[in-house]
Structure formats: C-alpha cells, structure tokens
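Please walk through the model below, from one residue to the whole chain and back to details of the side chains.

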Amino acid sequence: MKDTEKQLPVHSNYAGRFPAGVELPVVLKKDGVNHIRRLPTGEIEELLSVGLACSECFSGPRLAKLLQQGLAYEQKVMEDLLSGKFASPLSIHTSGGVPEALAEFIRALEPHLPWENTG
C-alpha cells in the first residue's frame, strides 16, 4: 500500500455506538478507568474514562483474582484441544445444550441477584 492511500479500518463493518463505517478509537491498554487509546488519526491519547455505559471498577490484582478461575478453565480447554482430546466447550449454541460451567457461574451470581432461584 502506498503512503498516500488511506487504509480502511479493520472494523469498518462493525456497528457499535455509531453506525457501521464510522471509524472508532481503539483501546490499546487499560487500568480500571485509565485508558490508552489510538484515535482514528493515529494519535495516542490517555484518557480517564468515567461515566461510560458500564463503570469499570475492577483492575490490577482485584481484576486478576476475578479472572483467575476462568483463565484456568480456558488453559485446560487449550491443553485438551492441542492434544486432540475432547474439550469442554467455551461456548455452545443453546440448541445443543449448555456448558457445564454455566451452573457454577449462576451460583456465583445468585447472591448478587435481586430475586431468588425458585428452581
């Protein structure tokens, strides 16, 4: 590609907050509400992201602790896949069933839900 040609963004068909085709900033790194992102112009900026649609309150060791069990699960799946064994699904279409991990995930959420599991 020549320097004078504009490269289309990889996510040009993605429609998120804006319609498809609108070039969006790319978040490169983050630590809680501190984000470093690349603007469509190529400029890199650091930004304090407060008031986003979902507040991001976990970072650093707190986030690592939260993600640890899922990471161990994914590592086991990867080991099984690489050795040609059956592997636990990371996702599955609901017409096929649900992943075994769903029950544990729901049990972990239950104390935080505004309703009781009536089973």
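Does Glu 74 count as buried, partly exposed or exposed? At 47% relative accessibility, Glu 74 counts as partly exposed, because the buried class ends at 20% and the exposed class begins over 50%. Glu 74 is found in helix H1. The C-alpha atom of Glu 74 is separated by 9.9 Å from that of Ala 87, a residue 13 positions away along the chain.

The model is a predicted one. Its chain averages a pLDDT of 81, and 83% of the residues score at least 70. Confidence is lowest in H2, with a mean of 82, and highest in strand E3, residues 44-48, with a mean of 92.

The overall layout comes next. The chain has two helices and three strands. Read from the N terminus on, the elements run β-β-β-α-α. Of the 119 residues of the chain, 7% count as buried.

Helix H1 covers residues 60-82 and is bent by about 45 degrees at Leu 67. Just after H1, Gly 84 takes a positive phi of about 75 degrees.

How many salt bridges does the count come to? The count comes to two salt bridges. In one of them, Lys 76 pairs with Asp 80, and the closest N and O atoms are 2.8 Å apart. Both Lys 76 and Asp 80 lie in helix H1, where four residues, about one turn of the helix, set them apart. The partners fall into separate accessibility classes under the 20% limit for burial. Lys 76 has a relative accessible area of 45% and is therefore partly exposed. Asp 80, at 9% relative accessibility, counts as buried.

The other salt bridge joins Arg 37 to Glu 45, with the closest N and O atoms 2.6 Å apart. Arg 37 counts as partly exposed because its relative accessibility is 22%. Glu 45 has a relative accessible area of 23%, so Glu 45 is partly exposed as well.

A polar contact involves strand E2, which spans residues 34-38 and contains His 35. Which side chain does the side chain of His 35 contact? The partner is the side chain of Ser 49, at 3.3 Å. Ser 49 is found in the loop between E3 and H1. Are His 35 and Ser 49 buried or exposed? His 35 counts as buried because its relative accessibility is 5%. Ser 49 also counts as buried, at 9% relative accessibility.

The last stop is the surface. Which residues make the nonpolar surface patch of about 660 Å²? Val 98, Leu 102, Phe 105, Ile 106, Leu 109, Leu 113 and Trp 115 make this patch. Leu 102 lies in helix H2, which runs over residues 101-109. Leu 102 has a relative accessibility of 32% and so counts as partly exposed. Patch residues need over 30% relative accessible area, so the 32% of Leu 102 meets that cut-off. Helix H2 is also the element where confidence is lowest, at a mean of 82.

Methods: Residues numbered from 1 in each chain as written. Predicted model: local features only at pLDDT ≥ 70, side-chain atom pairs only at ≥ 80, totals over all residues. Heavy atoms only, no water. Patch = residues over 30% accessible without salt bridge, like charges linked within 9 Å, V, L, I, M, F, W, Y side chains within 5 Å. Areas by Shrake-Rupley, 256 points an atom, 1.4 Å probe, with all protein chains shown as cover. Salt bridge = Lys/Arg side-chain N within 4 Å of Asp/Glu carboxyl O. Buried < 20%, exposed > 50% of the residue type's maximum accessible area, 1.4 Å probe, protein only. Bend = angle between axes of the 7 residues up to and from the residue. pLDDT = per-residue confidence, 0-100. Polar contact = N/O pair within 3.5 Å; in protein donor to acceptor, adjacent residues only side chain to side chain.
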